[in-house]
Amino acid sequence: MKINGIDTYEEFGVAEWTVVPSHSEFVNTDSQWISGWASPILRPSEPGLKIYKVTMMIKSDTRQKMWEMGSRFIGALMDPCEIEFNDFDTYFYGVIKDSNHAETVLKRWHKLEVSLIGYEYGLEESFSFSGKTEFSVENFGSMQCPCTLIVYPSADISNFTIYGLTKNKNTGKDSGITFKNLKSGVAVRIDRKTKKVTSASTSVTHDMNMLPVLDPGTNQIRCTSSNAQITILYNPFYV
């Protein structure tokens, strides 16, 4: 197991023993069956966070050392962190929810159980297209995920709109993302992590009405000009 790229056994003397993953918890407060109606009102469920149960093993010469090693390990999980589990290709980003200690009598092994709350995601995927007004992007995850959008114009564009990344899940309406006064050779980036729009030119103004997201599966993308290279970056999320 690794926490932010640091091996927990090498750093804390704490070794991963078992991991019990889970699917996301779901929230649905809008669905209801109104008295007297022939059928219920059903709305889409929203995925919530996951809870992973992890068992770690600690071995040392004294109880005091084992307790200190476990304490340092727990402390590393108190802030949001990236976690890599053994034999898993995906990553987990989260924090500790609770913990439980138990000492075994065999050779002074100490068992530490922790619950982690967060979400699961995969390695970053990248798609890039040039000279097109229509193309498709595949989201390999099982739920909607935010994406980074980079627009690199090959000519000045007064008004540029891209559709397919701003669909309303309830209505299906796509308002699009509009950029104004793009300059040739000056990239504009909407970052999914910082939630900011950046550009190398201070003269460029942006009219952005929604952050871009990708639905699971194939996403059909359309833009109003072919004079730009479009790059989309994302990490697939899993229910």
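Start by selecting Y93: this tyrosine counts as partly exposed because its relative accessibility is 31%, and partly exposed means between the buried limit of under 20% and the exposed limit of over 50% relative accessible area, with a 1.4 Å probe and protein chains only. You're looking at a predicted model, where local features need pLDDT of at least 70, side-chain atom pairs count only at pLDDT 80 or more, and totals for chains, interfaces and linings use all residues. Residues are numbered from 1 along each chain as its sequence is written, and side-chain values use heavy atoms, leaving out hydrogens and water.

Y93 is found in strand β8 (strands are DSSP runs of E, at least two residues, numbered from the N terminus).

Next, add L49 and Y119. Together with Y93 they make a nonpolar surface patch of about 250 Å².

Keep Y119 and add R192, K193, N235 and F237. Of the 13 residues lining the largest pocket, these are the closest to its centre. About 280 Å³ of space lies in this pocket. Colour β8 (91-103) and β9 (109-121), since each supplies at least two lining residues. By class, the lining divides into 7 nonpolar, 2 polar and 4 charged.

Now keep F237 and pick M143, Q144, C145 and P146. These five are the closest to the centre of the second largest pocket, out of 14 lining residues. That pocket holds about 190 Å³ of space. Show β9, β12 (145-153) and β21 (237-238), which each give at least two residues to the lining. The largest share, 3 residues, comes from β9.

How values were computed
1 Å grid on protein atoms, 1.4 Å probe; cavity = no way out; pocket = protein on both sides within 12 Å on 5 of 7 lines; lining within 4 Å. Points joined across faces, edges and corners; volume = space filled by probe spheres on them. Helix = DSSP H or I, 4+ residues; strand = E, 2+ residues; numbered from the N terminus. Nonpolar A, V, L, I, M, F, W, Y, C, P; charged D, E, K, R; others polar. Patch = residues over 30% accessible without salt bridge, like charges linked within 9 Å, V, L, I, M, F, W, Y side chains within 5 Å. Areas by Shrake-Rupley, 256 points an atom, 1.4 Å probe, with all protein chains shown as cover. Salt bridge = Lys/Arg side-chain N within 4 Å of Asp/Glu carboxyl O.
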